[in-house]
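Me: I have a structure open here and would like to talk it through. Could you start with a loop and then move inwards?

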Amino acid sequence: MPVQEKSVKLQQRIILGFGFLAIFFSHQGLSIFATPYYQMTLGVDPMWLALGIKLPAIVVIFFAPYIGNLSDKCRSRYGRRRPFLMVFPWLSCVCFGCIWMVPTSWSINTQVSYFLVMVTLFYFANSLWVIPLKCLTYEASTNSQERTSILAFVAYFFKFGGITYQWLFPLAQLSIFGGVVIGIKYVGWGIALVCIGLFGMLPGLFIKERSYKSQQKNKSIPIMSSIKAVLEIRNMRILLLIIITQFMLGSLAANIDYYVLVYYMNDGDIAQGAISKGILSSSYAVMGFVSVAVITKLSAKYGKRQTLIWVYTLGVFGGIMKWFIYQPGQEWFLILDALLCVSVWPSLGVLVSSMITDLIDSDEKKHDLRREGIFVSVQMWTLQITIAISAIFSGAALNWIGFDAELASAQTDSSIMWMRILLTGGTILSALICLILAKQYDLDERKV
């Protein structure tokens, strides 16, 4: 495999990493605050709250291809992506901060309406800088393996965000703020100004874009024709199916594990189940850092496709082992679950995203056109729609197996058995389908 000189220096990678940390907090900050504040503090119905979070995301994501296309065709002295990163993280910042400024004196219906409007504006503002930032990252290097290492590097920032964000609401509850209502406002605006506005703008300030002169003569291609051309790429369809499968079946299993921990492993003891969940989550966080490094090394030596095949082979084995790991009195065995199954998640951000960048190069070779924005928007559209459907499907699955929250520890044997089957079977089936799909992918490093 040819070795090319690395062109993206450490300081540039760090700046891109801060940009991705902004993406993380813009995605997770809403969910981590909305439930404890709007539902538990203000008393908004959980169903309406869930719709208020999911529906705007689904509506806004349909604009993603147009935003990606606009970013691709942007002409300015600063480049195609950077103008978006200079302005829209701050618009996103303002919208995020305003979400938590809802007056407590308003009626519940007015509060829900306010939440729905502000969240919609927030998601739309988010799309206007998240898509260009991902495009900027995808096109940062011409070296296929270096792009993988860049995506691995920014994945560490995602992992760091995953360790810290659960402490945001406890921070808002500190007595220094004089109450959770005031605390939410201070912490919410702190996240908005620093973690979204400032971090999101940094790549626009300090990252230099590559220029594409061939792009100039392709301005007139209609957006729907571009989307169709992207979806006609066989390897792109394979990668999108991997994303759909992982977030449909894999997320189903991930959403069920808490129920197995509480109702099977700890006999309905929610407090003890939370401890088990803490062990599991911490194990996944630590193993996540390790897996990113291992995936990157294997990819550089053996190729992305082969590494992805190994990841999902291990995932199939890990799914089988879940049946034996999730047993009463075996909390510390959960570390083994993280060791076997964690790599399927960073592989989406590192390997699959890097493989999409290879397809962008291949598409340019064929059509003499750079259109990262279309590729990224199609990837994001698939991801967001799948996540929304998966959340609905997980709740329906619990109802289907007969789970009843009012029964507490007295869940039926059949219900608990089905929880274990969904946890194990969902993981196995997800990894197995993705394994089969990965073997069908045929753009290797030699062809790139």
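**A loop, then the interior**

Reply: Asp 267 sits in the loop between H10 and helix H11 (270-302), where helices (H or I, at least four residues) are DSSP runs numbered from the N terminus. This is a predicted model, in which local features need pLDDT of at least 70 and side-chain atom pairs count only at pLDDT 80 or more, while totals for chains, interfaces and linings use all residues. Residues are numbered from 1 along each chain as its sequence is written, and side-chain values use heavy atoms, with hydrogens and water left out.

Me: Is Asp 267 buried or exposed, and what is its phi?

Reply: Asp 267 counts as exposed, at 59% relative accessibility; with a 1.4 Å probe and protein chains only, buried means under 20% relative accessible area, exposed over 50%, and partly exposed in between. Its phi is near 55 degrees, a positive value in a residue other than glycine. Most residues other than glycine have a negative phi.

Me: And Met 265, which helix is that in, and what does it touch?

Reply: Met 265 belongs to helix H10 (residues 234-265) and is buried, with a relative accessible area of 5%. Leaving aside neighbours within four places in sequence, Met 265 is in contact (heavy atoms within 4.5 Å) with Val 260, Tyr 326, Gln 327, Pro 328, Gly 329, Gln 330, Glu 331 and Leu 334.

Me: Still on H10, what does the side chain of Asn 235 pair with?

Reply: Asn 235, found in helix H10, is buried at a relative accessible area of 9%, and a polar contact of 2.8 Å joins its side chain to that of Asp 442. A polar contact here is a pair of N or O atoms within 3.5 Å; within protein, one must be able to donate a hydrogen and the other to accept it, and residues adjacent in sequence count only if both atoms are side-chain atoms. Asn 235 is also in contact with Leu 359, Gln 440, Tyr 441 and Leu 443, again leaving aside neighbours within four places in sequence.

Me: Switching to the cores, how many residues has the largest nonpolar one?

Reply: The largest nonpolar core has 103 residues, and those with the most contacts inside it are Tyr 38, Trp 100 and Ile 242. A nonpolar core is a set of buried Ala, Val, Leu, Ile, Met, Phe, Trp, Tyr and Cys residues joined through side-chain atoms within 4.5 Å. Apart from the largest core lies another, of 25 residues, among them Met 265, Tyr 326, Cys 341 and Leu 423.

Me: What about cavities, how many are there of 30 Å³ or more?

Reply: The count comes to 2 cavities of 30 Å³ or more, a cavity being a set of points on a 1 Å grid over the protein atoms alone where a 1.4 Å probe fits but cannot get out, with lining residues having an atom within 4 Å of a point. Grid points are joined across faces, edges and corners, and a volume is the space filled by probe spheres set on the points.

Me: Which residues line the second largest?

Reply: Tyr 38, Val 44, Trp 48, Leu 49, Gly 52, Gln 111, Val 112 and Phe 115 line the second largest cavity, which holds about 30 Å³ of space. Helix H2 (46-61) and helix H5 (108-138) each supply at least two residues of that lining.

Me: Why call H3 largely enclosed?

Reply: Because 7 of the 10 residues of helix H3 (residues 64-73) are buried, H3 is largely enclosed by the rest of the structure.

How values were computed:
On a 1 Å grid over the protein atoms alone, a cavity is a set of points where a 1.4 Å probe fits but cannot get out, and a pocket is an open set with protein on both sides within 12 Å along at least five of seven lines; lining residues have an atom within 4 Å of a point.
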